[in-house]
Each structure stands twice: as structure tokens, then as C-alpha cells.
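Trainee: I have the sequence and the structure open. Can we go through the labels one by one and check what each rests on?

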Amino acid sequence: MKRRATVHPRPHSPTYEALLRAGRRVRPLQQVHARIVVAGHHRTRSLLTKLLTLILCSSSSASGSIAAYARTLFLSIPEPDTFLFNSLITLAAKSGRPADAIVLYRRMSAACLEPSNYTFTSVVKACADLSASRTGRVVHSRVISNGFDSDVFVQTALVVFYGKTGDLHHARKLFDRIPNRTVVAWNAMIAGYEQNGLPEEAVAIFQSMQVAGKEPDSATLVSLLSACSQLGALSLGLWVNDYLVNKGLELNVVLGTALINMYARCGHLEKARKIFNGLQERNVVAWTAMISGYGMHGHGHQAIKLFQQMKSSGLSPNDVTFVAVLSACAHAGLVSEGQEAFASMRRDCGLVPRVEHQVCMVDMLGRAGLLDEAMLFIREETRGLPGPEVLTAMLGACKMHKNFNLGVEVAEHLLAIEPGNPAHYVLLSNIFALAGRMDRVEKIRNVMIHRHLKKQIGYSLIEIDQATHVFRMGDTSHRQTMEIYKYLEELIDKIKEAGYVPETSAALHELEEEEREFALRFHSEKLAVAFGLMNTSKNSFIRIVKNLRMCNDCHLAFNFISLVSGREIIVRDKHRFHHFKQGLCSCQNYW
């Protein structure tokens, strides 16, 4: 019996025209599908491919029912070809369905169809979005075996993939091999460094991009601004702002939010608010950035006020917004406001608190001296299984309020969970030192030596005339070392005359009192402030970024330094900003 030939409708046929009229609306497309079946075209690959493409491009394609319908439709297509697979993989990767893209790629491989550069670009993107490191490496090996390892689009996608999965060695190796780098390739490498906490390298790549004569686009500038935020590099951030103005680039919500974050984290809160007020569009991320800015500068009431305005505008806060609000309450001692915000997460927004929210609550209660309430919160919220971040916040509160017994109890739980984290040993050692238990201090230090654990090295950055200067405790590497140390000695003598008495409990307890004072004198932030006072005009303020929390003695000394020098000093430490002016700090000694 002769096999009946498949009928292929012409492009101008009524069925094809009906598809075009339906556009990307799911219901009309399903009706056209019914017509295709009735007309006997249910085995026609071209029609079904067009139908499936339109379904997947529809605004409701992300819904479960439509996704299931699309999968059924795909399975009905006879012998799907490379073009169909490529179209579907690309659509899935671009429309936020990376898992579907990988499944389709595997089916394509099982069908023994040869992938193209479009296939690999989309699949690698999907692996990057999912942080699927193992799958991505397997795909990379096939890229090489299929001869696409020199394709600029595939290479760029791989740079993005390795950057997002934290393998910057391979990302940079691939990046360096790209002969004619597009702006997208440069952006991939800049973003890779910035997202992995290497802002200096991100800035260096951007500078190489400028040397290569490539014009940055908005994506470049967003990553660069984020790097500036991490470094506290205000001068570079100002350059980006000027570049936007001079080039007449539109300040969209993404760029605007990056500027808000940069100015807030570089100590220019008023400028951040000016950018925020000037945005034509404000999404949840923009509001959250401004709320977070107020919080890190200790302006808790302004953060709460802005949070209320955000809700009044009709926007629903997300979980990141609540982290910003709770952190602001913790830094300003607004316990009742923080408790109400935490309660409203579930009650009003249907959000389940995460570890970050629990940390903020424990930090807030602990800073306020409500240690029993903090422990009760931990037991109730974590069901007796607190994470290390929560216990670290609790241990910090115990140290702050000198509750040694509770601190030791918390530390023991913490070390059982993370025995390889040196920060926990350092914090416990400080608690024992404050309690005068030097035998336990020695024991902890011996454990650290035995396990090859080293405490994080503290450093301070100061930017002057667009150059960044880095100082560490007792640093002698700076070209002005002799002048800095001489100036600092004179400065310490002046603030002592004004009433400064060194807080020697911040130094190692095995040292004699005079030795402790000497050790404190050359902390990195003191060297940085001396250098700043020496090399800036008297009507300018000093900005310092420190990677760790300021010690009590440096905080006290900076109060007096701002008084005797008549200068405003801004310090961003690991947790927040301190604005020292006329002998007082904006945190009111609450940090």
C-alpha cells in the first residue's frame, strides 16, 4: 500500500495566516492548533515549529500548564531537526528557563544532531544561570571537540559561565585567548571579577578596555560602579557619573540604582538621595538600595520612613528589602520597629524569613543588650538548629556586653559547626582575654597554630587625588612612612592633651600596658588618617575604608582626632559607616 504523502501548507495558506494573526496569545494559538489537527497537518513540522515557537514566546509561557502543553507539542513533532532544537534551546535560555534549555540540549545530543555555535552559546548561558559547574564543564569539552572553541560568542559565554561559577582562572584564560574582544566579552570579565569580590581586578580590566579603545556600555558601567562600591573608590564613581552626563546616556533604573549604591557606600548619602529622587522609574531594587544606604550610615529612622513610603507607593518589599530594614534597625537600636518589620514579613508579605533576617534580628537584640531575648529568638526561629551566621552574631553580642559564660557556650556550638573558621577562634580568644582567662587564650591560639588557621589581615584604604593607598598594622612600605609615623606620634600627643586615654583592652593581653598602647598606635586606620590629614586641604573631609570592624581604641581616638584637627572623618568598616565630627561619631558609640 502506497504511503500517503504529508501535506505541507503554503506560507500564504489560511492555517499559516491564522498562526500569524494569533501572534503570541496562548488561547488563539491553541485554537489554531486544533485547526491544524482537524486539517490533517498535525505531522507538518514547519507549522508545528512555528506554533511551538510562538507558544514559547508568549508572555504566559512560564506558567506550569503552558510549559506542560509546550512539552507535549514538542514531543508530537516528527523528527525535530537542528533548527528546531536550536530555536527552543535559545528561547528557553533567554526566557528564564535554563533547566529546560539543558534538557533540550541533552535530547538533541541523544538524537545525534550536531549542535551549532548558537546551541553552545545558549546552553553555556543556561549552565551559568544555574551555576551548574559540572554540566558546564562537560559542555565546554564538547565545544572543544566540535571545533567551536575559537568562536567569539561561545568563548564569551564560557567567560560568563566560569565567572558566575567562581572559576576566575579559567575565565581569564579564555578571555585572554579572544582575539577581537567585543564589549560583551569585556563586560563578562569585568562582571566576573566584581561578582567574586575582586573589585581591583575589575577596575584593572576596565582600564585595559579603555586602552583597547572600546566604549563602555550601560552593562560595563553598572559592573564598574559596583566595583567602586566595594572599593570605596569615589573618584572613579564620579568619573562614571560624569561620563553618563557627557555622553547623554539615559539614567535608567538599573544604572540609577548602581549610582545610588555607589554614592551610599562611598559616604555621599546626600548625593545618593539626589539620584534616587531624580529617577523617573523606581523599582524595588532602587528603593532597597536607598533604604540600605540610610541603614549603613546609622540613619534608622530615615530608613523606616522610606520603607513606609515605598509600601505606600504600591510596591511590595522583597526579602532583600527586609534585610536592609532590619539591618538599619539593628544599627540604630530601633528594637520595636525591627520586631514589627520582622513580624510583617509573614503577616503582610507572605515571605518566609531566611538566615539573613535571623542574623539581623539576633544582631539587633544583641546590640541592645537583650541577650536572653536573642537566645529565645534563636531557639524559636531556628527550631534549635541555628546556622553559623546566627551564632556568630550572638557571639559578637556576648563579647560586646562581656557575657563570658554565654559567649563560651555559644562559641562551643559554633566551633562544632565550623571548626575550620579562624574568625570564630579569634572572637572566642578575645572573650577569654577580656575575662582574664589567659590560659584559655593560649590554648585557643595553639589550636589555631596546629590547624594552620590564620586570622584575617586587617587593612585600611584611603583615596587621594584618584590614587588608592593601602595601609596595614605597623606598615612601613609606604614611600612617606617616616613622615606618617612622625605625624602620627605628634597627633597622638595632641589628642592625649585633649583627654584621650588609650583603650588598651583592644590590644593583646599578654603584653604589658605600655606595649599594648604602642601596638594600638599603629593600627591601619590610624596610619591612614595620619596620611590623609597630611596630604589633603583643611576644608576637605577624610574618607577611609577598613575591611574589618574598627576596634574600640581607634573609634575613641578618631573622636578626638576629629576634634583637634577640626576635620570630618568618615570611616566605612565591615559593618557600617562612622562619621566623626567635632569629637562625636554618628553611631553614638552604638556599633
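Mentor: Start with ring pairs. Rings of Phe, Tyr and Trp, with the six-membered ring used for Trp, pair if their centres lie within 6.5 Å. In this predicted model, the structure holds 13 aromatic pairs.

Trainee: What makes the pair of Y485 and F522 tilted?

Mentor: Their ring centres are 4.8 Å apart, and the planes stand at 35 degrees. Stacked needs planes under 30 degrees apart, and edge-to-face needs over 60. At 35 degrees neither label fits, so the pair is tilted.

Trainee: How do you know that this pair links distant parts of the chain?

Mentor: Y485 is in helix 27, residues 481-497. F522 is in the loop between helix 28 (513-521) and helix 29 (524-535). The two are 37 residues apart. Both Y485 and F522 are buried.

Trainee: Which residues do ring pairs link into a cluster?

Mentor: Y105, F120 and F148.

Trainee: What puts R181 over the face of W186?

Mentor: R181 is 5.2 Å from the ring centre. The distance cut-off is 6 Å, with a further limit of 35 degrees from the ring normal. R282 is another case: its charged end sits over the ring of F276, 4.4 Å from the centre.

Trainee: On to salt bridges. How many are there?

Mentor: The count comes to 16 salt bridges. D129 and K164 form one of them, with the closest N and O atoms 3.2 Å apart. The limit is 4 Å, so the pair qualifies.

Trainee: Why say that D129 and K164 tie parts of the chain together?

Mentor: Because D129 lies in helix 7 (residues 117-130) and K164 in helix 9 (residues 152-164), parts that are 35 residues apart in sequence. K125 joins in too: K125, D129 and K164 are linked in a network of salt bridges.

Trainee: Why is D129 called partly exposed?

Mentor: Its relative accessibility is 36%. Buried means under 20%, and exposed means over 50%. D129 falls in between, so the label is partly exposed. K164, at 39%, also counts as partly exposed.

Trainee: What makes R354 and E356 a salt bridge?

Mentor: Their side chains meet at 2.6 Å, N to O. That is within the 4 Å limit. R354 is partly exposed at 30%. E356 is partly exposed at 37%.

Trainee: And K546 with E525: how far apart are N and O?

Mentor: They are 3.1 Å apart, and the side chains meet in a salt bridge. K546 lies in strand 3 (residues 542-546) and E525 in helix 29, so the pair ties together parts 21 residues apart in sequence. K546 is buried, and so is E525.

Trainee: How do you know that E194 has no salt bridge?

Mentor: The nearest side chain of opposite charge, R265, is 9.3 Å away. A salt bridge needs 4 Å or less. E194 is buried all the same. This residue is in helix 11, residues 183-195. A polar contact of 2.5 Å joins the side chains of E194 and S226.

Trainee: What about R576: which side chain of opposite charge is nearest?

Mentor: D573, at 6.3 Å. R576 is buried and has no salt bridge. R576 is found in the loop between strand 4 (569-572) and strand 5. Its side chain reaches the backbone oxygen of H331 at 3.0 Å.

Trainee: Now cysteines. How many disulfides are counted?

Mentor: Zero. C585 is in no disulfide; the nearest cysteine sulfur, that of C587, is 3.4 Å away. The cut-off is 2.5 Å. C585 is buried, because its relative accessible area is 10% and the buried label applies under 20%. C349, at 28%, is partly exposed.

Trainee: Last topic: phi. What makes K402 worth a mention?

Mentor: Its phi is near 55 degrees, a positive value in a residue other than glycine. Most residues other than glycine have a negative phi. K402 lies in the loop between helix 23 (388-400) and helix 24 (404-417).

Trainee: Where does Q582 lie?

Mentor: In the loop between strand 5 (577-581) and strand 6 (584-585). Q582 is not a glycine, yet has a positive phi of about 50 degrees.

Trainee: Is Q582 buried or exposed?

Mentor: Exposed: its relative accessibility is 63%, and the label needs over 50%.

Conventions: Residues are numbered from 1 along each chain as its sequence is written. This is a predicted model: local features need pLDDT of at least 70, side-chain atom pairs count only at pLDDT 80 or more; totals for chains, interfaces and linings use all residues. Side-chain values use heavy atoms; hydrogens and water are left out. Buried means under 20% relative accessible area, exposed over 50%, partly exposed in between (1.4 Å probe, protein chains only). Helices (H or I, at least four residues) and strands (E, at least two) are DSSP runs, numbered from the N terminus. Lys and Arg count as positive and Asp and Glu as negative; His and the chain ends are not counted. A polar contact is a pair of N or O atoms within 3.5 Å; within protein, one must be able to donate a hydrogen and the other to accept it, and residues adjacent in sequence count only if both atoms are side-chain atoms.
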